[in-house]
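Subject: Structure handover

Hi there,

Here is the structure I promised to pass on to you. Please have a look at it first, and then read my notes underneath.

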Amino acid sequence: MPVCPACGSDNPEDGRACVRCGLSVDLFGPVREAAGLPDSDPQFAHAVQEILSAVGDATAGGDGADAASVPPTFHPPPTPAALPSTGSPRSIDSLPVLPSARGVEIARRQVEEYLQIARRQGIDTGDFTLRARDAVAADDAPSFEVLGRELFIHIAGAFTEQFESLVARRNALSSFAPTSGPDVEFESCRAALALGDLGGAQRRLRRLDDTLSRLEEKWATVQVLGGQAELLAETIRELGGDPTPALGPLAEGRRLAKAGDLAAAEPVLARAGLALWSLLEPSFLAELARQKTALTAARDAGQDVGPALAEMREIAPALRRRSFVSVVGSYRRLRELAGPVLAAPADAPGPKL
């Protein structure tokens with residue numbers, strides 16, 4: 001009974017695609033070969049883990065070439081294969097309630113509280129601090145009330161901007177990971193702002209920032225692997241191919257990730273990259289051969305093709321590392337560098353290499 005190399009499911013002998021992830025049966029062998037192992041080798045899973053480890057090093061910001069090529073904030077280009085985001089938290093579309101303050105002492109304490117909240121959240125209050133000192137010296141209730149009102153609006157506006165910034169981070173995260181935890185906190189933060197509870201809103205904004213940071217770190221490898229697969233699929237299309245037979249594992253890996261199953265999602269997404277590379281490799285290598293022939297001819301004609309050839313030399317070591325994002329990145333830079341050179345007249349003057 002054939003075992004899918006992407007998701008590990010058993011399949012009937014006469015099947016055309018994996019019953020679970022949809023990987024074409026024609027790609028079962030090439031995916032295993034892309035991992036450098038025969039069908040029966042029990043180390044196939046270990047090879048996939050090596051790919052995951054390499055991606056993990058990149059997301060941690062290591063010193064290797066992969067780290068520079070695949071930063072943690074790498075966002076995949078949108079394609080039809082991408083999963084839609086879940087419903088975004090509601091925006092703050094009205095001004096919060098301004099708490100009343102009667103009497104000098106209450107108004108003064110309110111201003112002091114607002115200044116502390118602003119400082120804890122990193123909001124600039126230079127002018128307000130000076131005005132508060134003048135109001136204290138004058139012991140003037142109207143001055144405190146005006147200052148408190150303006151300071152409240154200033155902080156509420158800054159909190160609204162921070163809220164929307166966190167919503168944008170959450171929406172980016174929700175395209176490849178579950179966000180049910182922070183979604184509850186978003187509603188609590190929104191309610192606190194609507195009631196004018198700046199202290200409660202500040203605490204919730206801080207927790208949201210911490211929670212999203214932890215989730216972004218936890219799911220960084222899934223983001224990179226999904227982005228890598230999208231990039232390979234896009235490159236297949238650019239070279240005139242159809243990535244459909246290999247897109248099943250990408251969809252399955254993303255489904256597992258959205259369901260919160262990180263341990264299952266990562267290896268499936270790693271194998272999705274291998275499946276797409278198996279489809280891309282023949283046309284990719286043929287395109288490289290074409291580029292090399294054209295660049296050699298341009299060099300012999302006296303054109304400066306040094307930068308393009310240097311970029312081409314970066315592709316081989318990236319392939320040995322199975323860093324497909326680096327491979328495609330070098331190829332696209334090569335294409336940009338080679339374009340003007342190959343478009344120049346054959347007899348154009350240029351330095352000999």
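Below is what I found, going from the overall picture to single side chains.

**Overall picture and confidence**

Please keep in mind that this is a predicted model. The mean pLDDT of the chain is 78, and 75% of its residues reach 70 or more. Among the elements, helix α8 (residues 198–218) has the highest mean pLDDT, at 94, while helix α3 (residues 65–69) has the lowest, at 36. Two stretches deserve some care. Residues 58–85 have a pLDDT below 50, although the model gives this stretch 46 contacts beyond near neighbours in sequence. Residues 345–353 are also below 50, with 16 such contacts.

The chain has 14 helices and zero strands. Of its 353 residues, 44% are buried. Taking contacts between residues at least 6 apart in sequence, 70% join residues at least 24 apart.

**The nonpolar core**

The largest nonpolar core holds 83 residues, and Leu23, Ile155, Phe159 and Leu198 have the most contacts inside it. Helix α11 (residues 262–300) supplies the largest share of this core, with 15 residues.

Phe159 is a good place to start looking. Setting aside neighbours within four places in sequence, Phe159 touches Ile117, Gln121, Ile123, Leu193, Leu198, Ala201, Gln202 and Leu205. Several names in that list come up again in the next two helices: Leu193 is one of the buried residues of α7, and Leu198, Ala201, Gln202 and Leu205 are among the buried residues of α8.

**Helices α7 and α8**

Helix α7 covers residues 180–194, and its 15 residues should span 21 Å at 1.5 Å a residue; the end C-alpha atoms are 22 Å apart, which agrees. Its buried residues are Pro182, Glu185, Phe186, Cys189, Arg190, Ala192 and Leu193. Where do these buried residues fall when seen down the axis of α7? They lie within an arc of 160°, so they line one face of the helix. The general background is that an α-helix has 3.6 residues a turn, so residues three or four places apart point the same way. On the face of α7 turned away from the buried side are the exposed residues Ser180 and Val184. After α7 comes Gly196, which has a positive phi, near 80°.

Helix α8 has 21 residues and reaches 30 Å from its first C-alpha to its last, close to the 30 Å expected at 1.5 Å a residue. Its buried residues are Leu198, Gly199, Gly200, Ala201, Gln202, Leu205, Leu208, Leu212 and Leu215.

**Salt bridges**

There are 14 salt bridges in the structure. Three of them may interest you when you go through the side chains.

- Arg254 pairs with Glu230, with the closest N and O atoms 2.6 Å apart. Arg254 lies in helix α10 (residues 248–258) and Glu230 in helix α9 (residues 220–238), so the pair ties together parts that are 24 residues apart in sequence. Are these two partners buried or exposed? Arg254 has 7% relative accessibility and counts as buried, and Glu230, at 1%, counts as buried too.
- Glu234 and Arg332 meet in a salt bridge at 3.3 Å, N to O. Glu234 belongs to α9 and Arg332 to helix α14 (residues 324–343), so this pair ties together parts that are 98 residues apart in sequence. Glu234 is partly exposed, with a relative accessible area of 21%. Glu234 and Arg332 also belong to a network of salt bridges that links them with Glu238 and Arg335.
- Arg299 forms a salt bridge with Asp300, the closest N and O atoms being 3.8 Å apart. Arg299 is partly exposed at 31% relative accessibility, whereas Asp300 is exposed at 53%.

Arg299 is found in helix α11. The C-alpha atoms of Arg299 and Leu309 are separated by 9.8 Å, with the two residues 10 apart along the chain.

**Where to look**

If you open the model with these notes beside it, you could begin at Phe159 and its contacts, including Leu193 and Leu198. From there, the buried pair of Arg254 and Glu230 would make a good next stop, followed by the network of Glu234, Glu238, Arg332 and Arg335.

Happy to talk it through whenever suits you.

Best wishes

How values were computed
Residues are numbered from 1 along each chain as its sequence is written. Side-chain values use heavy atoms; hydrogens and water are left out. A salt bridge is a side-chain nitrogen of Lys or Arg within 4 Å of a carboxyl oxygen of Asp or Glu. Helices (H or I, at least four residues) and strands (E, at least two) are DSSP runs, numbered from the N terminus. Buried means under 20% relative accessible area, exposed over 50%, partly exposed in between (1.4 Å probe, protein chains only). The expected span of a helix is 1.5 Å times one less than its number of residues. The arc is that of the directions from the helix axis to the C-beta atoms. pLDDT is the predictor's confidence in each residue, from 0 to 100. Contact means heavy atoms within 4.5 Å. A nonpolar core is a set of buried Ala, Val, Leu, Ile, Met, Phe, Trp, Tyr and Cys residues joined through side-chain atoms within 4.5 Å.
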